[in-house]
Amino acid sequence: FYREVKQLKFTKQNIIKSPLNYVGGKYKLLPQLLPLFPNDINRFIDLFAGGCNVGVNVKANHIICNDIESNVIGLMNYFKNHSSNEIIKQIEDIIHKYGFTETSKFGYAYYGCNSSDGVAKVNKEPYLKLREDYNNGKRSPIMFYTMLIFAFNNQIRFNDKGEFNMPVNKRDFNDKIRKNLIQFVDKLKEIKITFTNKDFSVINPNKLNEKDFVYCDPPYLITVAAYNERNGWNEEKEMRLLNLLDELNDNGIKFGLSNVLIHKGKRNEILINWSKKYNVIHINNTYKNSNYQTNKRNNKESLEVYICNYKIN
């Protein structure tokens, strides 16, 4: 129920990486995904933008990145409206205020640590203080992002009370994170991009045309991610999204959907049955090569796919 596409036009060397680390983020898959998108896109609409890895790299006249996570969209708008120099300065001010490590300047030995073990023990107390201040209402987009830098794996997670609850990271604001941030923020100044904070269902197919393209990378029904714990994706939301995509198709609007059909022995029968109406292309999520041997598939592997309603050149 799928086919393979081996055409690759992009390399990681010309792809911008998001400064946010989302589970399931598409940065590593972009060399496979971007060549599958339609040519000559007017408006590119990403309904589940997350860290905006896709949106910041796609070629379109106008890019619209939407996500239901208000903290992320607020941060993206902040990045869009401030220079990278200003943002770096504000991050460094928070680092100095709370007393975080700066291994890019002083190294690990300065803090009695090594690169392998990291600086989690040193940064635990300042991180918990920053997290406490953030959860107690001293919130700002740049405070949110600085907290992510020092959060475990740089990931986002809120509990049922809306409190950020990730533990401390073993790394700090190193040169790699700084470089990714600067490249991302600077790229936002070069493209026409809009960030919105709405439910995916608000999109109106009647206000789109054949030059527009809607991309969806929703939470996966048969997998679990930390950012999806509070308001989990369920079958009702899955069906609402698939019905919306059908409506887009009926209106002659191109769409693309990233998802998994099989994961660790689980099968998404809803998606498998629905996808039979459209083009289903296997995406190689092992990143090793573009071939997939079906006879070697086992219960531990995932079948990641790209589903679209248009012919791929």
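Strands here are DSSP runs of E, at least two residues long, numbered from the N terminus. With that settled, I will start at strand 5, which covers residues 213–216 and contains F213. One caution before going on: this is a predicted model.

F213 is a useful residue to look at. Its relative accessible area is 1% and the cut-off for buried is under 20%, so F213 counts as buried. What does F213 touch, leaving out residues up to four places away in sequence? One group of its contacts is F37, P38, I41, R43, F44 and I45. Another is K254, F255 and G256, and then there are Y306 and Y310. F213 also sits 9.7 Å from L248, C-alpha to C-alpha, with the two positions 35 residues apart in sequence.

Now the whole chain. The chain has 313 residues, and 51% of them count as buried. Its secondary structure amounts to nine helices and nine strands. If you take contacts between residues at least 6 apart in sequence, 70% of them join residues at least 24 apart. The accessible surface is about 15400 Å², and carbon and sulfur atoms account for 46% of that.

Next, the interior. In soluble globular proteins, nonpolar side chains tend to be buried together. In this model the largest nonpolar core has 66 residues. Which residues have the most contacts inside that core? They are F37, F79, Y145, F164 and Y306. Helix 6, residues 141–149, supplies the largest share of the core, with seven residues. Apart from this core lies another one, of 28 residues, including L208, L241, L257 and I307.

F79 deserves a closer look. Setting aside residues up to four places away in sequence, F79 touches P19, I87 and Y145, and also L181, F184, V185, L188 and K189.

That brings me to a helix pair. Helix 2, residues 70–81, packs on helix 6 at an angle of about 110 degrees, and their axes are 9 Å apart. Angles of 65 to 115 degrees count as roughly perpendicular, so helix 2 is roughly perpendicular to helix 6. From helix 2, the contact is made by N71, V72, G74, L75, Y78 and F79. From helix 6, the residues are P141, I142, F144 and Y145. How many of the contact residues are nonpolar, polar or charged? Eight are nonpolar, two are polar and none is charged.

Staying with helices, R178 is placed in helix 7, residues 175–188. Not counting residues up to four places away in sequence, R178 touches I88, E92, S104 and F173. Its C-alpha is 10.0 Å from that of I149, although the two are 29 residues apart in sequence.

Two backbone items now. Most residues other than glycine have a negative phi. D40 is not a glycine, yet its phi is positive, at about 55 degrees. D40 is in the loop between helix 1 (30–33) and strand 2 (41–46). Is D40 buried or exposed? Its relative accessibility is 53%, so D40 counts as exposed.

The other item is K264, also not a glycine, with a positive phi of about 50 degrees. K264 lies in the loop that runs between strand 6 (254–263) and strand 7 (266–267). At 60% relative accessibility, K264 counts as exposed.

Last, two pairs of positions that are separated along the chain. Q32 belongs to helix 1. Its relative accessibility is 15%, so Q32 counts as buried. Where is H282 with respect to Q32? The two are 250 residues apart along the chain, and their C-alpha atoms are separated by 9.8 Å.

For the other pair, K276 lies in the loop between helix 9 (269–275) and strand 8 (279–282). K276 has 61% relative accessibility and so counts as exposed. K276 and I307 are 31 residues apart along the chain, with 9.5 Å between their C-alpha atoms. I307 is the residue I named earlier in the core of 28 residues.

Note on methods. Residues are numbered from 1 along each chain as its sequence is written. This is a predicted model: local features need pLDDT of at least 70, side-chain atom pairs count only at pLDDT 80 or more; totals for chains, interfaces and linings use all residues. Side-chain values use heavy atoms; hydrogens and water are left out. Helices (H or I, at least four residues) and strands (E, at least two) are DSSP runs, numbered from the N terminus. Buried means under 20% relative accessible area, exposed over 50%, partly exposed in between (1.4 Å probe, protein chains only). Contact means heavy atoms within 4.5 Å. Accessible areas come from the Shrake-Rupley method with a 1.4 Å probe; for residues, only the protein chains shown count as cover. A nonpolar core is a set of buried Ala, Val, Leu, Ile, Met, Phe, Trp, Tyr and Cys residues joined through side-chain atoms within 4.5 Å. Axes are lines fitted to C-alpha atoms, for helices over the stretch in contact, and angles run from 0 to 180 degrees between N-to-C directions. Angles under 35 degrees count as roughly parallel, over 145 as roughly antiparallel, 65 to 115 as roughly perpendicular and the rest as oblique. Ala, Val, Leu, Ile, Met, Phe, Trp, Tyr, Cys and Pro count as nonpolar, Asp, Glu, Lys and Arg as charged, and the others, Gly among them, as polar.
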